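Let's take a walk through this structure together. Have a look at it first, and then we'll go through it piece by piece.

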Amino acid sequence: MSLFASVFWLVASLALILTGANILTDGASAIAKRIGISDLIIGLTVVAFGTSTPELVISIVAAADGNSSIAVGNIVGSNILNILLIIGLTALIKPIKIKKSIMTNEIPMVILSSAILLILGYSADLDRLATATITRVDGLFLLIFFLLFMRYTFASASHRPATPEHDPAEADGQRLSHISVLKSVVFVVAGLAALIWGGDKFVDGASALARHIGISEAMISLTIVAIGTSLPELAASVVAAMKNRPGLAIGNVIGSNIFNILLVLGSAATVAPLPFDGVTLADLWTLVGASMLFLVCGWVFDRRTITRPEGALMLVCYGGYMVWLICH
C-alpha cells in the first residue's frame, strides 16, 4: 500500500467509524427503550460485543498465523487505551456520572480481568518456562469466566430501571422510542458493520503508514493496531456522551475491556497458545494501574463522577505511556 493510499484509508475509515457510531448509538438506545433494558446493559452486551469484534477477528487470525505479539499486544494496548484515552476524552466532553452498582460490581470486574492477565504474564516465573504463555487450558478458563460474567449481567438486568428518574436524556429517549424495532435492528447492524469495516481499514492504513516510517511489529500492536481496533469504542462512547447517554458510554468501555480479555484472548488461546512476545510486565502493570485509576476516579473529587480534571489526568497518563513506549 502506497503512502498516499495509507493516508486516504486513515481519513475515509475514520469518517465511516464516526457515522457507524452515531447510528449504532441510536439503534441500541432505541432497543433499550422498547424492551425496558438500561443503556448500561446494552452497552455491556450488544455495543461492547460489536465494538470488540475487530479485536476478536484480528487476535484469532493473528493466533492462527503464529503472530502472538499482535494478538496479545492488541488486547493489552486496546484495554489501556479504552480506559485512559476513551474514558478520559469522554469525561472531558461531559463528566460521567456512575451508578453505585457499577462502582461495586462492573468496574471491579475490569480490575479482576486485568489482574488475571497480569498473573498469566508471570507464568514464566511461576512455571519456570522460557516465555510467559497463555495456554489452551488458560484460554478455556477465560471463556468460562466470560460465560459467568454474561450470566451475571443478564440476571442483573431485570433489577435495573431502563431510565433513571430525572434522566437528562429523557427528551432524546422520547425521540428514540418512536423508531420501529426493525429500523432499530437495522441501525445496530449497519452501525456495527461500519465500525468493524472502518476499523479494519484504519488498521490496514495505519499499519502500512507505520511500516513506511519504520516501526516494529510489537510497537505496532501496542499502538497503531490497538488504536485502530479501539476506534469503534472511542467513537461509540464519545457519541453516546454527546447524546447524554453516559450509561451507554461507560458500559461500552467496561464491557469491551472484559470481552477483550475473557472472550477475545480466551478464544484466541484455544486456537493456539499465546506467548507474551513483545508484551512486557510493565505493559501489564500499566493495564492494572489504569483499571485501578478507573475505580479511584469514580470516588475522588465528585463522588461517583469522573470529572473533567480526572479525564484530563487519564489523558496525561496515556500520553506518558505512549512516550515511554516510544522511548523505551
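What follows starts with the aromatic rings and then moves on to the nonpolar core and a pair of helices.

Keep in mind that this is a predicted model. Searching the whole of it turns up four aromatic pairs. One of them is Phe8 with Trp9, an edge-to-face pair with 5.4 Å from centre to centre and 70° between the planes. So how open are these two rings to the outside? Phe8 has a relative accessibility of 45%, so it counts as partly exposed. Trp9 is partly exposed as well, with a relative accessible area of 24%.

Another pair is made by Phe146 and Phe259, again edge-to-face, with 5.0 Å centre to centre and 90° between the planes. Find Phe146 in helix α6, which covers residues 136–157, and Phe259 in helix α10, which covers residues 246–271; the pair therefore ties together parts that lie 113 residues apart in sequence. Are these rings buried or exposed? Buried means under 20% relative accessible area. Phe146 comes in at 9%, so it is buried, and Phe259, at 2%, is buried too.

Before leaving the rings, go back to Phe8 and Trp9: together with Trp197 they form one aromatic cluster.

Now for the core. In soluble globular proteins, nonpolar side chains tend to be buried together. In this model the largest nonpolar core has 88 residues. The residues with the most contacts inside that core are Leu117, Ile134, Ile254, Leu274, Phe276 and Phe294. Which helix gives the largest share of this core? That would be α10, with 14 residues.

Ile254 is a handy place to stop and look around. Leaving aside residues up to four places away in sequence, Ile254 touches Leu44, Ile102, Glu106, Ile107, Val110 and Phe294.

That brings us to a helix pair. Helix α4 spans residues 100–121, and its axis comes within 10 Å of the axis of α10, crossing at roughly 30°. The crossing is left-handed. On the α4 side, the contact is made by Ile102, Glu106, Ile107, Met109, Val110, Ser113, Ser114 and Leu117. From α10 come Ile250, Ile254, Asn257, Ile258, Ile261, Leu262 and Leu265. Sorted by class, the contact has 11 nonpolar, three polar and one charged residues.

To finish, look once more at Leu117 and Ile254: both are listed among the core residues with the most contacts, and both take part in the contact between α4 and α10.

Methods
Residues are numbered from 1 along each chain as its sequence is written. This is a predicted model: local features need pLDDT of at least 70, side-chain atom pairs count only at pLDDT 80 or more; totals for chains, interfaces and linings use all residues. Side-chain values use heavy atoms; hydrogens and water are left out. Rings of Phe, Tyr and Trp (its six-membered ring) pair if their centres lie within 6.5 Å; planes under 30 degrees apart count as stacked, over 60 as edge-to-face and the rest as tilted. Buried means under 20% relative accessible area, exposed over 50%, partly exposed in between (1.4 Å probe, protein chains only). Helices (H or I, at least four residues) and strands (E, at least two) are DSSP runs, numbered from the N terminus. A nonpolar core is a set of buried Ala, Val, Leu, Ile, Met, Phe, Trp, Tyr and Cys residues joined through side-chain atoms within 4.5 Å. Contact means heavy atoms within 4.5 Å. Axes are lines fitted to C-alpha atoms, for helices over the stretch in contact, and angles run from 0 to 180 degrees between N-to-C directions. A crossing is left-handed if the near helix is turned anticlockwise from the far one by less than a right angle, and right-handed if clockwise. Ala, Val, Leu, Ile, Met, Phe, Trp, Tyr, Cys and Pro count as nonpolar, Asp, Glu, Lys and Arg as charged, and the others, Gly among them, as polar.
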